[in-house]
Protein chains: 2
Amino acid sequence: MAVVVDFEGSRREGAKPALDQINALVADDLVKVNQVIVDKMDSPVALIPQLAGHIIAAGGKRLRPMLTLASSALCGYQGERHVSLAACVEFIHTATLLHDDVVDDSDLRRGQDSAKAVWGNQASVLVGDFLFSRAFQLMVGDGSLRVLKILSDASATIAEGEVMQLMTTNDTETSEAAYMDVIRAKTAKLFAAATEIGAVVSERPAAEAEALESYGMNFGIAFQLVDDVLDYSAEQTKLGKTIGDDFREGKITLPVVLAWRRGSEAERAFWRRTLEEMDQREGDLEHAIALMNQHDALSDTIERARHYGSIARDALGLFPDSEIKGALTGLIDFCIERAY
Amino acid sequence: MAVVVDFEGSRREGAKPALDQINALVADDLVKVNQVIVDKMDSPVALIPQLAGHIIAAGGKRLRPMLTLASSALCGYQGERHVSLAACVEFIHTATLLHDDVVDDSDLRRGQDSAKAVWGNQASVLVGDFLFSRAFQLMVGDGSLRVLKILSDASATIAEGEVMQLMTTNDTETSEAAYMDVIRAKTAKLFAAATEIGAVVSERPAAEAEALESYGMNFGIAFQLVDDVLDYSAEQTKLGKTIGDDFREGKITLPVVLAWRRGSEAERAFWRRTLEEMDQREGDLEHAIALMNQHDALSDTIERARHYGSIARDALGLFPDSEIKGALTGLIDFCIERAY
């Protein structure tokens, strides 16, 4: 599952000021979050910091913790609780990545060897469990039952979403509604929790917590939709990343759902052979992309992403204009522009 | 990892009144715990209750939740919180079993097909994650930060213990101290948390919480030591269970540690071939058992278990005599007598 984008790579393209902007605004806090992450992934059991360090240090731009920091800033938060809670969000995310690599049997993660490729399935499962437990220890240390509820609910929903995804894998008849349920649960719910926490630590009114939760949820959906497009997109290869991971794993994402629904019976036979029977031959990925383009499946998936991005933008309407609000809306544009 | 004994099987032997006694004392509460378990393992994602039901319904006698219920009774607790917390303990245990089966690549669990044999590694990892999250949701529902701390600390320690066990697997030079660290973390810590919770919900003084925590920890160590003996014991086969699982998986348990330390260089070569190089041939298990008997490795492991059992018994000295106290000490005897 390729939910994390190498923003460094994107930034080298020189066209992503939105990300630079939000990065700059939360940079000091992000340094503190990284310190908490390094401190808390430690254990006398040496393999744990080794393996956790591999995945945590190697990748991503801490998008989810950045959302917690930015949401807190949007709410005018002045304390320090958001730092450990942002680390906690990243731990939950990292635990799911470690388990995803086992579930997907992926040897690559963010262009590098995955933890499971280096240390095996066993260690990846167990260190994932450790990071997940650490996340709860961090929350308990924070001491807010409301935050604990938000994040334990999110964790259960993520697990449900991952199981749903497992059940739709290889099922070419998966509906758009079922696909949306999967990505809301497995991806967007943690984005929503990450942003809602910003309002909660700031003790803002329920309407603002709800607005930030809606921003996170809808931004998360848009993010995953674009990610699913990128897995079939030449843009991805420009960033030095491989394409076709979802195809090779038989995952049913929205581009497939749309191409299948809009396709002829002969085309459906192709999708069944490649994604249900997993009988994939040379040229099949290229043919899949051609079919998607023929049916506007990729561009319409981006249109769907725009729709959720608009909802996310409007959710922030409640907050007065500010630099941080501009950065949060800019993040939506950045996310969608990745697809081009 | 064979930490769960089929008490039903044992009871059919007709020689285990201690277990019947404790069972009878907490029977009403245990019915409620089972109801919470059934209710809370439910999910709109059908595979989750299917898989969770398979492992939860199939096995064990709810030893850990029974410890929470009995400890609460020992403290004179009158409320209902112990019911959902006992269910929570069982969920954490079940989540670790599901992940253990993936880590150990076990196709059998309690004499039946393991979940991973039926549904595969992927679903077992993810449903384990779900049950683990559910446990935290239950704790959050209970609302005690102290209980949340006890169980989140236990969860992190269990994961550390499992990773430690992974690192000692195939390492015949594992010391007794390292082995003890593994079983304290992977097994005994959850027993200790289960019993400590009884005092915490009852709002008993710190000394009683500490006494119950010590009972659970030392009983848990004794339990695991006997379990490790049973894996090489003919007694086990009388219960219709296989022996030699640990041997086949290259796990280093105390009987191996003792036999290796007491053995000749030629014997150590045998252990290295079978457990490090994993070159196992017909008759090797029988030869391993013969070496263990020759060096009193099995009987002395039971002696070690007796030692921890005595500490557990004395920890309860703080509490006045009662039927439930008799049942808790009887449980120690039952645990050790399993070995004969």
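Colleague: What are α2(B) and α4(B) to each other, roughly parallel or roughly perpendicular?
Modeller: This is a predicted model: local features need pLDDT of at least 70, side-chain atom pairs pLDDT 80 or more, while totals for chains, interfaces and linings use all residues. Residues are numbered from 1 along each chain, chains are lettered from A and ligands numbered from 1, as written. Helices α2 (residues 17-40) and α4 (residues 63-74) of chain B (DSSP runs of H or I, at least four residues, numbered from the N terminus) pack at about 110° (between N-to-C directions of axes fitted to C-alpha atoms over the stretch in contact, from 0 to 180 degrees). With 65 to 115 degrees as the range, α2(B) and α4(B) are therefore roughly perpendicular.

Colleague: Which residues in α4(B) meet α2(B)?
Modeller: Contact needs C-beta atoms, placed from the backbone, within 7 Å. From α2(B) come B:Ile22, B:Leu25, B:Val26, B:Asp29, B:Leu30 and B:Val33. Facing them in α4(B) are B:Pro65, B:Met66, B:Leu69, B:Ala70 and B:Ala73.

Colleague: How many residues of the contact of α2(B) with α4(B) are nonpolar?
Modeller: One residue of this contact is charged and none is polar (Asp, Glu, Lys and Arg are charged; Ala, Val, Leu, Ile, Met, Phe, Trp, Tyr, Cys and Pro nonpolar; others, with Gly, polar). The nonpolar residues number ten.

Colleague: What are α5(A) and α7(A) to each other, roughly parallel or roughly perpendicular?
Modeller: Helix α5 (residues 81-104) and helix α7 (residues 145-168) of chain A have axes 12 Å apart. Their angle is about 15°. The cut-off is under 35 degrees, so α5(A) and α7(A) are roughly parallel.

Colleague: Which residues of α7(A) make the contact?
Modeller: On the α5(A) side are A:Leu85, A:Cys88, A:Ile92, A:Thr96 and A:Val103. Seven residues of this contact are nonpolar, two polar and one charged. From α7(A) come A:Val147, A:Leu151, A:Ser155, A:Ile158 and A:Glu162.

Colleague: Which elements of chain A give two or more residues to the side that touches chain B?
Modeller: In total, 36 residues of chain A are in contact with 36 of chain B. The chain A side has 21 nonpolar, nine polar and six charged residues. Its elements giving two or more residues are α3 (47-58), α5, α6 (115-142) and α7.

Colleague: What axis relates the two copies?
Modeller: Chain A lands on chain B after a turn of 180° and a shift of 0.0 Å along the axis, with an RMSD of 0.0 Å (least squares on C-alpha atoms with pLDDT of at least 70 in both). The copies are thus related as by a two-fold rotation axis.

Colleague: What percentage of the contact residues of chain A recur in chain B?
Modeller: The same surface serves both copies. The share that recurs is 100%.

Conventions:
Two residues are in contact if their C-beta atoms, placed from the backbone, lie within 7 Å. Angles under 35 degrees count as roughly parallel, over 145 as roughly antiparallel, 65 to 115 as roughly perpendicular and the rest as oblique.
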